[in-house]
Amino acid sequence: MSHPEQHRGRWRPRLDRPALAALLFGLAGVVYRLVLTLFTVPVSNSDEATFGLAALHIGQGRERPVFLYGQHYMGMLESYLAAPLVAVAGPSWPVLRLPMLALYAVFLYLIHRLTRRLCTPWFAAFVVGLLALGPERVVRDQLTVVGGRPEVKPAVLLMLLITVGLAAGTVHRRRLAVGLFGLLVGLAVWSDWLILPYLAVAGLALVWAVRRELLGWSGLLLAAGVAVGVAPMIVDNLRAGPGDDSLSVFRQVSTKVGPQPPWSDRIRGGLLEGVPLAHGLCPVDGCGRWQQWFGVLYPVLLLAGAALAVLAYRRAAGAPRAERVGRGAGGLRGERVGPVVQLALVAGAALTLLSYVRSPLAATSPLDNARYLSVLQLSLPAVLWPLWVAALTAWRGTSSVLGRFTGALSAAVLAALTVTTLVITVLFAATGTAASRTEERQARELAAALRADGPHEVYGDYWTCNRLIFNTDESVVCGVLDGNLSPGQNRYRPYWRQVGRAERPGYVVEIDSPMDRRLRRLLADRADAAPVREVGGYRVYHPDTPVRPWR
């Protein structure tokens with residue numbers, strides 16, 4: 001907590017020891033991620049490049065996209081945040097990712113504030129320390145510009161802090177705070193639908209805290225805030241054709257044709273792979289058996305967190321009236337809001353996990369889709385709080401023999417969680433960044449070669465094209481083909497049309513890839529005669545006549 005300190009006629013805040021520890025942990029986490037950002041680690045890709053190109057177009061005033069190019073359900077808030085920087089400094093990966101780094105810093109600050117209000121100062125510092133660590137799976141979700149998660153997590157934390165302040169009576173402009181709550185809800189809905197479970201429980205907590213006020217102007221401001229935040233999505237859906245609205249497209253993406261994996265496989269993939277990966281306990285290529293223990297323990301911790309919150313709620317209700325009056329402006333409601341918010345965090349995690357294991361992807365591709373559980377970091381304070389309470393009670397010697405055993409076991413779990421996350425983070429920082437840096441160097445070599453010597457209109461696969469366009473500041477334009485040299489996923493159609501009009505387009509393919517072999521067969525005896533060069537792991541063809549088999 002900050003204490004005012006008078007110094008030469010001025011008041012300056014002074015941090016207590018837990019706050020200072022949290023500040024140091026947070027600075028270490030931000031600096032660590034800043035270094036990764038400057039080296040473009042984790043590696044960039046064409047999904048991220050699409051957001052970068054949108055930021056470039058926004059900064060130049062050419063486009064005002066609502067959703068990611070080629071989609072109708074992923075909001076573009078990250079592109080709008082990066083657009084001013086890209087407009088000034090030009091397209092580069094560190095510039096594109098700097099707003100994500102700022103959002104991570106805001107996330108750490110808000111989760112510290114919320115955890116300190118709900119629990120204890122030293123526990124808040126511990127949570128910040130854990131979140132400052134980060135192997136590849138964790139920092140990828142925090143730093144790469146791929147939509148949604150970096151911005152919705154701070155939004156939810158701010159909503160919950162607003163709820164706590166309203167219930168405790170520490171917020172003076174109450175109507176404006178409720179309106180801000182609504183605006184954050186609308187922006188989060190537009191940005192990423194994965195956050196809907198947390199928005200639902202945060203909304204219920206707000207209704208509990210100020211249900212009478214919502215019947216008046218506060219309710220109108222709440223609705224107005226939601227409408228303003230979600231307005232881009234509403235306008236776009238009103239203009240969309242049949243089947244192109246967000247709900248229809250999202251339903252198509254989420255539905256998989258064919259036999260569904262059994263629930264046991266989906267739960268196994270969600271708990272034993274997804275949960276440890278989302279919390280930084282495993283390397284990006286998967287969890288060993290010794291790293292899956294946290295996934296087994298996670299439902300137990302959710303139940304324990306809910307039980308502690310219910311007990312705290314009932315204890316606050318049963319306090320003597322004189323004690324409740326002495327608590328200040330918030331009174332009983334201010335005392336109860338902490339357990340209510342803890343229950344909201346537990347419920348948000350449970351609903352998110354349930355939503356994830358309902359998808360067949362939890363069983364068929366748990367490594368690729370564990371990113372959808374990154375929002376579980378929001379519930380880390382509520383999940384770990386039972387362990388901290390048990391360990392602290394045993395350390396103070398105020399429990400029975402069974403309580404001391406439970407406390408020792410809880411302390412061991414917290415230590416194992418910390419050590420495992422630290423080890424995986426150190427291994428990633430020491431040995432796991434080389435591949436990303438090599439791939440980035442090759443991508444830059446390819447971009448520099450084509451930018452200098454051409455060709456400037458080329459065809460390539462999806463994971464080559466938009467990254468190449470972003471790396472060359474659109475001086476090279478690329479049309480996406482699949483492995484059979486047929487039109488692929490061209491998110492931004494003007495690029496495809498421009499390459500289609502080129503009289504002599506080039507072809508950029510990974511060496512010895514299926515596309516490379518297919519192209520050589522189509523060129524036949526011209527394969528050796530056509531100008532070919534190899535750059536950064538790619539083969540660049542520039543035949544005299546275009547090869548467009550789909551025509």
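Here are legends for a few close-up views of this predicted model.

**View 1. A nonpolar patch on the surface.** Let's start on the outside, where Val-31, Leu-34, Val-35, Leu-38, Phe-39, Leu-85 and Leu-98 make a nonpolar surface patch of about 570 Å². Helix α1 (residues 17-38) supplies the largest share of this patch, with four residues. Another member, Leu-98, sits in helix α4 (residues 93-118). With a relative accessible area of 36%, Leu-98 counts as partly exposed, because that value lies between the 20% limit for buried and the 50% limit for exposed.

**View 2. An open sheet of five strands.** Follow the strands across and you will meet them in the order β4-β3-β5-β7-β6, in an open sheet with mixed pairing. The edges are held by β4 (477-480) and β6 (532-535); each has a single partner strand, so one side of each lacks a neighbour in the sheet. From one strand to the next, the twist averages 25°.

**View 3. The pairing of β6 with β7.** Zooming in on one pair, β6 and strand β7 (residues 538-541) run in the antiparallel sense and are joined over four bridges. Look here for Val-535, whose bridge partner in β7 is Tyr-538.

**View 4. Two helices against the sheet.** Helix α22 (residues 493-501) lies across β3 (457-460) and β4, and runs at about 100° to β4. Helix α23 (residues 514-523) also packs on the sheet, where it touches β3, β5 (506-510) and β7. The direction of helix α23 makes about 25° with that of β7.

Technical notes. Residues are numbered from 1 along each chain as its sequence is written. This is a predicted model: local features need pLDDT of at least 70, side-chain atom pairs count only at pLDDT 80 or more; totals for chains, interfaces and linings use all residues. Side-chain values use heavy atoms; hydrogens and water are left out. Patches are made of residues with over 30% relative accessible area and no salt bridge: like charges are joined within 9 Å, nonpolar side chains (Val, Leu, Ile, Met, Phe, Trp, Tyr) within 5 Å. Accessible areas come from the Shrake-Rupley method with a 1.4 Å probe; for residues, only the protein chains shown count as cover. A salt bridge is a side-chain nitrogen of Lys or Arg within 4 Å of a carboxyl oxygen of Asp or Glu. Buried means under 20% relative accessible area, exposed over 50%, partly exposed in between (1.4 Å probe, protein chains only). Two strands pair if DSSP finds at least two bridges between them. Axes are lines fitted to C-alpha atoms, for helices over the stretch in contact, and angles run from 0 to 180 degrees between N-to-C directions. Contact means heavy atoms within 4.5 Å.
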